[in-house]
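Me: I would like a close look at one part of this model: the place where a single helix meets its partners. Please describe the residues involved and set them in the context of the whole chain.

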Amino acid sequence: MDDKRSTNVLTPSICEEALENFSRSEDSLAELVAENHIEVRDFMILSFVCDQNTMAIDQLMSALGLSRGTVLGCVERLQGAGLVYYSQVGETAEASERVTPTPPGRTITQRILDED
């Protein structure tokens, strides 16, 4: 079966649609998303981290095809919103940078994905 979609034409992803719908809801979690300027890319990272329980920065870069600067910017916003923990352990930063979801991070991910 051939996929006729052009790689130049991107349709909205499930994550984009879910985050957009969730952001329109009137509750404190939606406000958290708006106040911290959480973007779809940030949510994708949060979702990956929740699925794996913890991930290294280089794993996120590889899984999502994003640059180190982009991933760190997303993680910074997520950490500022209290949705992830970011830790550096050991001598080399690249080998030891870990991102772990917080309980509110898990809650918001589940709620965004469960929105109708």
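Reply: Contact here means heavy atoms within 4.5 Å. On that basis, serine 47 touches Thr109 and Leu113, once residues up to four places away in sequence are set aside. The model is a predicted one, in which local features need pLDDT of at least 70 and side-chain atom pairs count only at pLDDT 80 or more, whereas totals for chains, interfaces and linings use all residues. Residues are numbered from 1 along each chain as its sequence is written, and side-chain values use heavy atoms, with hydrogens and water left out.

Serine 47 belongs to helix α3; helices (H or I, at least four residues) and strands (E, at least two) are DSSP runs, numbered from the N terminus. With a relative accessibility of 11%, serine 47 counts as buried (buried is under 20% relative accessible area, exposed over 50%, partly exposed in between, with a 1.4 Å probe and protein chains only). Its contact partner Thr109 is located in helix α7 and is likewise buried, at a relative accessible area of 5%. Beyond its neighbours within four places in sequence, threonine 109 is in contact with Phe43, Leu46, Ser47 and Cys50.

These residues form part of a helix pair. Helix α3 (residues 40–52) packs against helix α7 (residues 103–114) at an angle of about 110°, and their axes lie 10 Å apart. The two helices are therefore roughly perpendicular, a label for angles of 65 to 115 degrees; under 35 is roughly parallel, over 145 roughly antiparallel and the rest oblique. Axes are lines fitted to C-alpha atoms, for helices over the stretch in contact, and angles run from 0 to 180 degrees between N-to-C directions. From α3, Phe43, Leu46, Ser47 and Cys50 take part, and they meet Gly105, Arg106, Ile108, Thr109, Ile112 and Leu113 of α7. By class, this contact has six nonpolar, three polar and one charged residues (Ala, Val, Leu, Ile, Met, Phe, Trp, Tyr, Cys and Pro are nonpolar, Asp, Glu, Lys and Arg charged, and the others, Gly among them, polar).

Helix α3 also packs against α5, at an angle of about 85° and with axes 9 Å apart. This angle makes α3 roughly perpendicular to α5 as well. Arg41, Asp42, Ile45 and Leu46 of α3 make the contact with Thr70, Val71, Cys74, Val75, Arg77 and Leu78 of α5. The class count for this contact is six nonpolar, one polar and three charged residues.

Strand β1 (residues 55–56) contains methionine 55, which is buried at a relative accessible area of 7%. Apart from residues up to four places away in sequence, methionine 55 touches Phe48, Val49, Leu60, Glu97, Arg98 and Val99. Its C-alpha is 9.5 Å from that of proline 101, although 46 residues separate the two in sequence.

In the wider chain there are seven helices and three strands, in the order α-α-α-β-α-α-β-α-β-α. Of its 116 residues, 33% count as buried. Residues 24 or more positions apart account for 58% of the contacts with a separation of 6 or more.

As to confidence, pLDDT is the predictor's confidence in each residue, from 0 to 100. The chain mean is 78, and 68% of residues reach 70 or more. Among the elements, helix α5 (residues 68–80) has the highest mean pLDDT, 93, and helix α6 (residues 93–96) the lowest, 59. Over residues 1–8 the pLDDT stays under 50, and the model has zero contacts for them beyond four places in sequence. Where pLDDT is low, the predicted coordinates should not be read in detail.
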